[in-house]
Each structure stands twice: as C-alpha cells, then as structure tokens.
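Student: I should like a close look at a single part of this assembly, followed by an account of its surroundings. Please begin with the residue I name below.

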Amino acid sequence: MTQQPHTARAIPDRLQSPAVRALRSWESILVAVAIAIFVTNSFTSPYFLNAWNLSDATFNFTEKAMIALAMALLIISGEIDLSVASIIALASTAMGVAMQAGAGVPVLVIVGVGTGVLCGAFNGILVAGMGLPSIVVTIGTMSLFRGIAYIVLGDQAFTGYPPGFAYFGQGYVWWVFSFELVLFTVLAVIYWALLHRSSFGRAVYAIGNNATAAQFSGIRVARVKFILFLLTGLMSGIAAVCLTSRLGSTRPSIAAGFELEVVTMVVLGGVNILGGSGSIPGIVLAALIIGMVTFGFGLLNVPGIVMSIFIGALLISVIALPRLFGKR
Amino acid sequence: MNTLKNRDVLLAFAIVLLIGGVAARFPAFVRPGNLVNVFNDTSPLILLAIGQMIVILTKCIDLSVAANLALCGMAAALMNGMGVPLPLILIAVVLMGGALGAFNGLLVWKLGIPSIVVTLGTMTIYRGTIFLMTGGAWVNAHQMSTAFKALPRTMLLGLPVMSWVALLAIALFFVILTRTPLGRSFYAVGGNPHAAVYTGIDVGRTQCIAFVISGALAGLTGYLWVARYAVAYVDVAAGFELQVVAACVIGGIVIAGGAGSVIGAVLGALFLGVINNALPVIGISPFWQMAISGSAIVIAVALNATQNRPKGRIILKEVEPT
Amino acid sequence: MEPILSLRGISKSFPGVKALQDVQLDLYPGQVTALIGENGAGKSTTVKVLTGIYQPEEGTITVAGEVVQFANAQAATDAGVTAIHQETVLFDELSVAENIWLGHAPRTRFGLIDRRAMRDGARELLVGIGSSMDPDLRLGDLGIASKHLVAIARALSTDARVVVLDEPTAALSHKEIHELYDLVETLKAQGKAILFISHKFDEIFRIADRYTVFRDGQFVGAGAMKDVTEGQLVQMMVGRSVDQIFPTRTPNIGPPVLTVAGYDHPTEFADIRFTLHQGEILGFYGLVGAGRSEVMQALFGITTPSKGAVRIDDKVRVIRSTHDAISAGIVYVPEDRGRQGAIRGLPIFQNVTLPSLSRTSRNGFLRLAEEFKLARDYTQRLDLRAASLDQELGLLSGGNQQKVVIAKWLATKPRVIILDEPTKGIDIGSKAAVHEFMAELAAEGLAVIMVSSEIPEILGMSDRVIVMREGRIVDEVTGDAMTPERLVRAAAGIAEAA
C-alpha cells in the first residue's frame with residue numbers, strides 16, 4: 001500500500017521530543033516543588049540535612065506510597081478503592097492471629113500479603129464482576145474489613161511478633177537505606193514498567209478514557225479492572241506487613257485515615273481523579289513531597305491532626321487551583 | 001414510584017421481623033419504653049440519612065457529615081461555655097452546619113470537583129478544625145449548663161425532644177421532596193442531568209442546595225449529640241458517615257442518583273438502629289457493629305443493582321417461555 | 001399571515017466549526033414547517049437556539065412581533081417555545097404527571113405542589129391528545145411512543161405557541177407513527193406553530209405545509225410544500241443531484257467467509273441466518289429498532305446470543321467477547337463513534353494500535369517503533385490530516401477522528417468488517433469518501449456488512465440486502481429486485497400490493 005502513489009501528506013510521529021514534553025509536564029512542577037521544600041526545610045531546621053534523619057523521614061510515606069502506586073493505576077482506569085486502610089487492618093489482624101498460632105516469619109508474610117490479595121479479589125468481584133459502583137462498594141468493604149478486625153480484637157492488641165519479623169519495617173538493606181525504601185523503589189520501577197511500557201498499562205489508560213470504546217477495541221475491561229483491584233489489595237497486604245513490623249503490634253485502628261493520604265498522593269502526583277491520565281514518576285514525586293512536608297512539620301512539632309488538615313486542604317487545592325485558573 | 005414502595009414495604013417487614021426475632025428471646029426489647037429508646041438512639045442517624053439521601057439523589061456523596069456534626073457540636077459546647085443563650089446556639093449550629101455544607105457544595109458547583117474528593121478532604125479539615133479550636137481538650141458534662149444538656153432529653157407527649165426533631169425532619173423533608181418544585185428538581189438533577197438543563201434547572205446549584213441541607217441537618221444533630229451524651233471532643237461520631245451511607249444504601253437510595261425516598265432513608269436508618277440496639281441485648285459485642293453495617297452496604301448495593309438492571313430493548317414481540 | 005416566530009441572521013459557532021451562519025426561519029400558527037437538511041446542516045443547533053440552550057452570537061429572535069432573547073431554557077418556555085427532542089429528555093424515576101408538570105406545577109394555597117390538580121390536569125392533557133394513560137405510572141415503565149405522548153402533553157401544559165418536534169418518529173413503529181400524525185393534526189387545529197424535523201421525505205410531504213432547507217449551517221431556501229417536488233428538495237439539501245454520490249463498482253464475489261445459522265437471542269432477535277462472501281457488500285436494512293445493531297453486536301461479542309453458530313472460513317468460532325471476535329477476524333465500526341469508537345484523550349497512534357497491541361508488543365511490553373509504523377501505514381492510506389501521530393485524537397475534526405477509528409479496525413487485518421450507519425452524522429463530502437473507501441475494501445477482498453437506515457445508501461452500495469423487522473430477517477433481495485418499495489414494505493411489514 002505504501003508504494004502506491006498517494007497524495008497523502010506524511011504525518012510526523014512526534015512534533016515535540018519526549019524531553020521537551022517532560023519539561024512542560026506536571027511532573028516538572030512537582031520536581032520544582034520538591035526542591036523548594038527540600039531547601040526550605042534545610043534552612044528552617046538544622047536537623048533536616050542529616051542522612052539518618054532523612055532516612056527516618058522516608059518511613060512517613062513508604063507504606064502509603066506503595067499503595068499509591070497501585071491506586072494510581074486504579075484511579076487512571078476510572079475506579080477507586082477506599083478500603084485500602086481497612087485491608088491493612090484486616091491483614092495485620094490476620095498476621096496477629098497467625099502469630100498467636102505460632103507461625104514463623106515466612107508464614108506471617110504469606111498470611112499478611114495473602115489477606116490483602118483476598119480483600120482485593122473481593123472488591124474486584126463486586127466491582128468488575130458484578131458491575132457495582134466502586135465508591136459505594138469500597139465504602140462498604142472499608143467498614144467490613146476493619147469491622148472484622150474489631151470483632152477479632154475488640155479493644156485489645158496483638159503484640160510480641162517474633163524478632164526476625166522486625167526486619168521488614170525496621171531493617172536496613174545497606175547504610176541508611178531501609179528495607180521499606182528499597183522495596184518501594186523496586187516496586188516503583190515495576191509499576192513504571194507496567195503502566196508506561198506494557199500493553200496492560202495501555203489498556204488501563206484506554207479504559208479510563210473511554211471504557212466502552214476500550215471494550216469495543218477488544219480489551220477485556222472487567223478482567224483488567226479485576227487485576228487492578230487485586231494489585232491494590234496486594235500492595236495493601238505488603239504495606240500491612242511493613243507497617244505491622246515497624247509498629248511491632250496490631251490494633252484494629254491501625255492505619256486509620258491512610259486512604260485519604262493515599263488518594264491525596266495520587267491526585268497530587270497528577271492523576272486525573274476522573275480517570276484517564278497520570279504517571280508513576282508523578283506518584284513518586286508526590287510521595288517525596290508529602291514525606292518531606294510531614295517530616296518538616298514534625299521537626300517543628302506540629303501535631304498529627306493539623307498535618308491531616310494540611311493533607312485534606314492539599315487534596316482539594318491540587319484539584320481546585322488548576323480549575324480556578326483554567327489550566328487543565 | 002411503585003417499585004420503591006414495594007421495596008419500602010419489604011424493608012419495613014424485615015425490621016419488624018428483626019424486632020420480633022429479638023423479642024422472641026428477650027420480650028423486654030419490645031416494651032414501649034425500650035422501642036422509644038431505640039428510636040431515640042437512631043434519631044441522629046435518621047437526621048443525617050435524610051440529608052445524605054438528598055445529596056445522593058443529586059448524584060453526589062457527602063462524607064464530611066460526621067466531621068461537620070462533631071465541629072458544630074463542639075462549637076455549640078463552646079458557645080454554651082461562653083454563656084450564649086440556647087436558642088441562639090440552635091440557630092448558630094444550623095447556620096454553621098449549612099455554611100460547612102455550602103463550602104462543599106460550592107466546590108462541587110463552581111469548580112466541578114467530584115464530591116467524593118471534596119468531602120474526603122473537608123472531612124479531615126473540619127475535624128482538624130476542632131483540634132485547632134480546642135487544642136484537643138474535651139468539653140465535659142460539668143462544663144455544660146443544665147438547660148443545654150436537658151433539651152434533647154426533655155419529654156414531650158411521651159417522646160424525648162430529640163425524637164421529635166427527627167419526626168419533624170421526616171415530615172418536613174417528606175413534604176419538600178414530594179410536594180415542592182425544589183424536591184422535584186433533586187430527582188430531576190440526579191435522574192437525568194442533561195434533561196434537567198432543558199427543563200430550566202441549574203444542576204450545580206441544586207447540588208449545592210443539597211449539600212447545604214445535609215450540612216444544616218448535621219449541624220443541628222451536632223448540638224443534639226453533644227448535649228445528649230454531655231461530652232464534646234475531637235473524635236465525636238468518628239466514622240459515623242459510613243453508617244449514614246449504609247442507611248441510605250439499605251434504604252434503596254440509588255447511588256447513581258435520581259431514585260430514593262425519605263421513607264427509604266428512614267427505614268434504612270431504623271434497620272441499622274434496631275441492629276445496633278439489639279446486639280447488646282442478645283449478648284453480641286458492640287464491636288460487631290462496624291462489620292455489620294459494612295456488609296449491609298455491600299449486600300444492599302448488590303441487591304439495588306440487580307433490581308435496577310436495564311431490561312434491554314426487547315425487540316422480539318413473542319418471547320419464548322423458558 | 002404573520003409568523004408567530006422568526007429567526008433572522010442567526011449565527012452560532014463552536015471552536016473550529018461555524019454551526020449556523022446567518023440563517024433565517026419563520027414559523028406560522030396552525031402550520032407545520034419542515035426543517036430539512038443533511039446531518040450537520042445545523043438543524044439541531046437551530047433547535048437549541050430556539051429552546052434557549054444555546055445563545056446565538058448574532059441575529060434576532062422575534063416572537064409575536066417582539067424581539068426576545070432566550071438566556072436559558074426557562075426563558076424559551078416562558079415565551080411559549082417548547083421542544084420534543086430526539087432522545088426524549090424526561091425523567092424515568094418520576095411519574096407521568098410529575099414529568100408533565102416539572103418546573104411549572106400547579107400549587108395549593110400553601111405554595112405546595114397540588115397533586116390532585118397535577119394528576120387531573122395530566123389526565124386532561126393526555127385525553128386531549130387521545131391517550132388514556134394513567135398519570136401515576138412511572139415513566140421508566142413506558143415505551144418510547146408513550147414517552148413521546150408524555151413529552152407532547154408536557155409541551156401542551158406550558159401553553160406553548162411553538163412546538164418543535166425533533167425527529168419524533170425515529171424510534172416509533174409504523175402504527176405509532178400514524179398516531180403521531182393524527183396528533184400533529186390536533187396541534188395544528190389548536191393553532192400551534194409546529195417545527196417538524198425529519199429525514200423522511202414521505203413524512204414531510206404528508207404532514208408539512210411549509211419547508212425551510214439548510215445546508216452546511218446556511219439557509220438555502222423556504223416555501224410552501226405544494227410548490228416543490230422531492231427532487232427539488234434533495235437538490236437544495238445536497239447542492240448537487242443525488243445519483244452521482246455512489247461509486248460505480250464491479251463486485252468480485254468470492255467464496256463464503258462468514259456463515260451465521262440459527263442465531264437466537266432471548267429478547268432481541270431470533271433465527272438469524274445468512275452467508276457473507278469475500279468481496280461482497282451486504283446491506284442490512286430496517287427501521288430503527290429492528291434489531292440490526294443487536295445482531296451485529298452479538299457477532300462482535302458485546303452481547304452473547306443464547307444459541308446459534310458462527311463459522312468463519314468453515315471453522316466454528318465461539319465469540320463471547322470483543323477480544324474473541326477480533327481474533328476471529330470480525331471487526332465492528334460502531335454507530336456511536338464518539339462513545340464507542342474514538343478514545344479522544346489518547347494519542348492518534350495509540351488509538352490505531354489498541355486492538356492490535358498483541359502484534360506490536362513483545363511479551364506484553366510495548367514497542368513504540370512498531371506502533372508508529374502500524375499507525376503511519378494505515379492513517380496514510382486513509383489520507384488522515386493531522387499535525388503528528390502523537391497528537392490527542394480529540395483535537396482532530398469529526399471526519400478525521402472517524403478515519404482514525406476505521407484505521408484502527410483495518411490495522412487488525414480483519415476478514416469481515418461491519419459498518420453500523422457509517423455515514424450518519426458526517427458531511428456530504430466525507431460521505432462520498434466513506435463510500436469510495438468501502439468499495440475499495442470490498443475490491444481488496446474484505447467481506448463487508450453495512451447497516452444503514454438510508455435507502456439510497458443501501459441501494460447504492462450493497463450487492464445484496466437483508467431486511468429485518470422486529471428482530472427477524474423478513475426479506476433478502478439481490479439485483480433488480482432491490483427497489484425502494486420492496487425494502488420499505490418488508491421493513492414496515494406491509495403486504496405486497498395485490
């Protein structure tokens with residue numbers, strides 16, 4: 001066909017090089033913000049510029065950011081999972097039960113991660129399988145999963161995890177690099193490849209932009225959505241292992257309010273809350289920014305609940321500001 | 001509307017069955033005094049469920065109601081501490097709740113931000129504000145005036161004032177939703193926003209009004225709650241928004257908007273209220289409450305979906321019997 | 001006679017499109033004026049200007065001699081202009097009476113809605129248009145024809161002086177259409193001015209008193225129906241004579257490709273059987289709602305039929321999803337391209353490669369160079385006009401978006417391509433290009449199914465025509481037997497004239 005003498009004008013593949021495009025993106029604004037916060041923090045507190053303090057600061061965001069990676073894909077596809085914090089509570093409770101039954105470290109990890117996957121599958125069946133709206137379903141399972149944790153624990157707590165279990169939340173791989181930070185980095189690379197370099201990721205974008213057209217293009221929409229809920233559950237399970245290990249105990253109120261911070265991270269990272277666009281580098285940057293701000297506030301002795309006002313206001317203003325000034 | 005009525009009847013039947021089941025083992029449960037207690041305990045849930053139902057009718061959701069309730073309740077307690085007269089406090093909480101709702105509504109209306117995001121954000125902002133106002137301190141019973149604490153418990157014709165407030169709200173919003181143009185416009189906006197525009201209804205403005213109503217009801221309930229339990233602190237009614245949404249979903253309010261009724265929301269709230277009150281009676285730990293309302297949401301939304309599934313065009317005239 | 005409503009010099013543009021340019025329109029009391037024009041001529045925009053949904057940039061609207069401006073839909077209703085739209089815009093969850101009175105309900109002394117007056121008024125209005133419908137029924141439980149009646153009752157409840165009927169018969173059955181004609185007569189007798197928008201000429205000649213023709217957003221002409229012939233109207237609409245539109249082709253029909261037998265769906269269609277050959281264009285004709293799209297969507301795996309067999313090249317293929325269909329070599333270019341075809345937020349090249357990702361990727365990983373190559377090949381072939389292949393699809397014009405959607409399907413190298421109303425909503429020029437292109441595809445040996453409700457298109461393009469009615473195949477015609485009369489009769493279920 002291409003040999004035919006055709007009047008068609010050749011269309012260039014790209015007008016802007018990917019590098020130019022990257023410079024103009026939301027991510028480059030995030031980089032600038034991150035640098036600004038880094039500099040401000042270094043000036044306001046003498047304790048900020050210290051490798052070990054900075055390393056400690058990463059614990060403020062690693063667990064939430066792991067979930068944010070999967071949540072980003074889910075929101076890009078046009079769904080949402082508000083039950084992630086409750087999945088952590090249930091997974092952590094399951095690990096506590098297993099620990100009391102005398103399970104060793106490997107079994108504890110399997111139980112925690114496995115519970116997360118099962119919870120994700122439950123959400124996935126309801127949303128992708130039965131076609132129910134994800135907001136209500138996950139508001140329901142948010143209550144259900146944590147409710148089960150309350151049934152098991154009441155006002156008690158599980159403590160006394162085996163010493164080897166502490167590694168996941170407290171151990172260091174090398175020098176100041178904690179296990180959690182390294183794990184998050186590896187996961188971020190995997191999710192980057194999944195979203196930006198695989199045909200699965202392309203399907204996620206297509207579904208988020210126009211699920212009907214995606215289905216008409218031969219994409220198994222329900223299957224992709226189910227996998228995304230499964231991944232979100234998986235990441236919540238992994239986060240549960242890390243958080244339980246870091247705290248060394250399980251209370252039913254564990255990880256309360258995490259869903260808000262995860263969603264905020266995703267939105268701050270440039271993911272359109274209505275689906276269709278967003279990137280993994282954006283999520284990583286947003287995680288760093290929230291982590292540094294939390295750390296900075298901590299150094300200034302600002303209480304946690306004030307921090308959450310900040311997160312809530314950030315969530316709204318990140319979406320509101322571009323709309324107010326008509327940029328997006 | 002007929003299908004909804006059928007559903008309401010089923011739900012009412014389920015509630016009666018539930019009460020009967022408990023009464024079979026524990027006859028004291030159905031003593032009039034206890035039933036009044038159950039209704040009174042459920043009143044805050046009823047009030048918030050009515051507001052939430054109107055918001056959901058317009059295709060939105062308000063997750064900030066419990067935080068709004070806590071903030072207005074704390075404001076009422078603080079005003080009482082400053083010696084503000086009770087009638088002024090009542091007016092103030094309604095206005096304040098309405099204003100907090102209007103903040104949600106304006107973000108949804110003027111900036112087109114999805115309501116789930118707005119109210120997820122304001123939920124923490126409102127609750128955080130309580131901390132900023134008090135520094136985390138509690139307002140306890142001995143810091144409240146007697147009149148302040150007494151009002152919701154005052155008996156009028158055999159019912160406490162709190163129950164009367166709920167009954168009045170039910171009647172008022174039943175009339176508003178079924179008998180006023182504003183009520184119709186809530187249904188129109190949620191049922192077919194595109195067509196609502198053609199009918200001359202401003203979709204965003206109607207949604208904003210729904211948030212104001214939901215907020216004002218939360219504000220009023222905030223006073224009732226704090227006065228009745230005689231304590232105000234940051235975490236008052238934490239997580240209550242989930243029960244409110246559960247009541248609506250159980251009551252057959254379609255989460256996609258446009259369908260639902262005050263009666264449905266009230267029955268949904270009563271269903272949860274009866275369960276919550278029955279649990280201690282039949283000796284089940286109150287820690288079960290959360291999981292029960294969670295599963296109720298999931299089951300109800302699944303049932304709603306199977307009822308409302310589109311039937312297709314049905315082109316063939318004679319459908320073969322199967 | 002003075003017109004009750006006049007438009008003069010009305011212009012309205014949207015980013016990149018001039019929808020209306022200096023148009024005029026007059027509506028007279030007690031008369032039906034037909035607004036005629038191809039898709040994209042500006043009819044819908046005119047309706048929206050009349051009903052206050054759009055505000056024109058230039059021009060005047062005069063109602064009963066007074067110049068008015070419709071700031072919103074309410075203002076138009078208050079001035080006595082009301083419209084019944086293509087997709088009836090009403091509320092399924094409300095009752096018939098509530099739908100009729102929404103926005104202007106009768107009130108009691110206390111300012112509350114007077115339910116009794118509402119119900120009685122609704123019943124009276126419905127009786128006035130010959131319906132004994134119960135005003136308490138939920139609208140969602142009614143059929144389309146009944147919904148139209150409710151919409152018309154609603155229009156009458158506002159004391160409308162001008163009633164706009166926007167393709168009211170598009171989804172109605174034969175009998176229902178005749179009832180609608182009677183209703184239009186009733187409205188005329190009541191002195192309403194009626195604007196009637198329709199694509200069907202028989203309809204226009206039957207009920208209209210006057211006509212106004214638009215073409216490409218401009219006024220072409222107006223006059224009395226009795227002074228004009230069908231040919232003249234068509235001439236005005238398209239600006240050239242009709243018989244030139246279709247490409248001449250010598251079909252080269254090969255062996256059977258697709259065989260469908262005993263295809264049954266519990267509610268939508270029954271006993272569908274046909275064979276499609278290589279190089280053939282098979283037309284599917286029928287009224288809207290005859291089940292044609294439903295059959296095609298089942299073939300494409302969107303709905304699953306309860307029984308029946310699909311063979312491609314004599315191999316039985318089980319199609320349970322669109323994915324199965326595409327791997328079997330069947331592709332479907334949907335009627336609703338905006339919703340079902342184009343993914344506007346994604347770049348052009350990603351739209352093209354979406355169903356072919358298994359070929360352009362390796363082990364699930366994308367290969368961008370392959371994707372660009374595939375996209376370049378197929379978009380060039382369709383003579384796409386775009387700045388670059390990584391431009392967002394939504395930035396292109398409608399015609400170019402459609403080229404991308406078609407390129408997407410061709411890139412899967414299908415055996416069978418199904419085109420559902422391929423020229424609906426596109427301008428005359430692009431129409432000819434699509435027809436040309438279909439002829440080319442068939443000549444290259446693709447088997448083509450074309451679903452269309454336009455008789456000229458069906459007759460001009462198809463080698464063979466299957467007619468469907470009420471979910472069943474009622475006729476199959478080839479060669480000289482393919483006449484408009486035979487198709488219309490079969491589709492409408494009218495017996496052959498004795």
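Is Asn72(C) buried, partly exposed or exposed, and how many other C-beta atoms lie within 10 Å?

Tutor: The model is a predicted one, and every value below is computed from it. Asn72(C) is partly exposed, because 16 other C-beta atoms lie within 10 Å, whereas a count of 20 or more would make a residue buried and 12 or fewer would make it exposed. Asn72(C) sits in the loop that joins strand S5 (66-68) to helix H2 (73-78) of chain C. Once neighbours within four places in sequence are set aside, the contacts of Asn72(C) are Gly200(B) and Gly52(C). For a distance across the chain, take Val434(C): the sequence separation from Asn72(C) is 362 residues, and the C-alpha atoms are 38 Å apart.

The chain that holds this loop comes next. Chain C contains 18 helices and 22 strands. Its C-alpha trace extends over about 75 × 50 × 50 Å along the principal axes. The radius of gyration of chain C is 25 Å, which agrees with the value near 23 Å for a compact globule because that value is the one for 498 residues. Of these 498 residues, 47% count as buried. Among contacts in chain C with a separation of 6 or more, 68% join residues 24 or more positions apart.

Chain B supplies Gly200(B) to the contacts of Asn72(C), and several of its helices can be described in turn. Helix H8 (residues 181-191) of chain B is mostly covered, with nine of its 11 residues buried. Among the buried residues of H8(B) are Arg184(B), Phe186(B), Tyr187(B) and Val189(B). Their cover includes H2, helix H7 (161-179), helix H9 (193-198) and helix H10 (203-229) of chain B, together with helix H3 (96-101) of chain C.

H2(B), which is included in that cover, also packs against H11(B): the two axes come within 9 Å and cross at roughly 65°. H2(B) is therefore roughly perpendicular to H11(B), and the crossing is right-handed. On the side of H2(B), the contact uses Leu45(B), Leu48(B), Ala49(B), Gln52(B), Met53(B) and Ile56(B), while H11(B) contributes Gln243(B), Val244(B), Val245(B), Ala247(B) and Cys248(B). By class, nine of these residues are nonpolar, two are polar and none is charged.

The contact between chains B and A takes 37 residues from chain B and 37 residues from chain A. On the side of chain B that touches chain A, the elements giving two or more residues are helix H4 (86-111), helix H5 (115-134), helix H11 (240-250) and helix H13 (288-307) of chain B. H5(B) gives the most, with 12 residues. That side of chain B divides into 28 nonpolar, nine polar and no charged residues.

Within chain A, helix H4 (residues 62-76) and helix H14 (residues 280-299) pack with their axes 10 Å apart, at an angle of about 150°. H4(A) and H14(A) are therefore roughly antiparallel, and their crossing is right-handed. Ala65(A), Ala68(A), Leu69(A) and Ala72(A) of H4(A) meet Ile280(A), Ile283(A) and Ala287(A) of H14(A). This contact has seven nonpolar residues, with no polar and no charged ones.

Methods:
Residues are numbered from 1 along each chain as its sequence is written. Chains are lettered from A and ligands numbered from 1 in the order in which they are written. This is a predicted model: local features need pLDDT of at least 70, side-chain atom pairs count only at pLDDT 80 or more; totals for chains, interfaces and linings use all residues. Two residues are in contact if their C-beta atoms, placed from the backbone, lie within 7 Å. Helices (H or I, at least four residues) and strands (E, at least two) are DSSP runs, numbered from the N terminus. Ala, Val, Leu, Ile, Met, Phe, Trp, Tyr, Cys and Pro count as nonpolar, Asp, Glu, Lys and Arg as charged, and the others, Gly among them, as polar. The radius of gyration is taken over C-alpha atoms; the globule rule is 2.2 Å times the number of residues to the power 0.38. Axes are lines fitted to C-alpha atoms, for helices over the stretch in contact, and angles run from 0 to 180 degrees between N-to-C directions. Angles under 35 degrees count as roughly parallel, over 145 as roughly antiparallel, 65 to 115 as roughly perpendicular and the rest as oblique. A crossing is left-handed if the near helix is turned anticlockwise from the far one by less than a right angle, and right-handed if clockwise.
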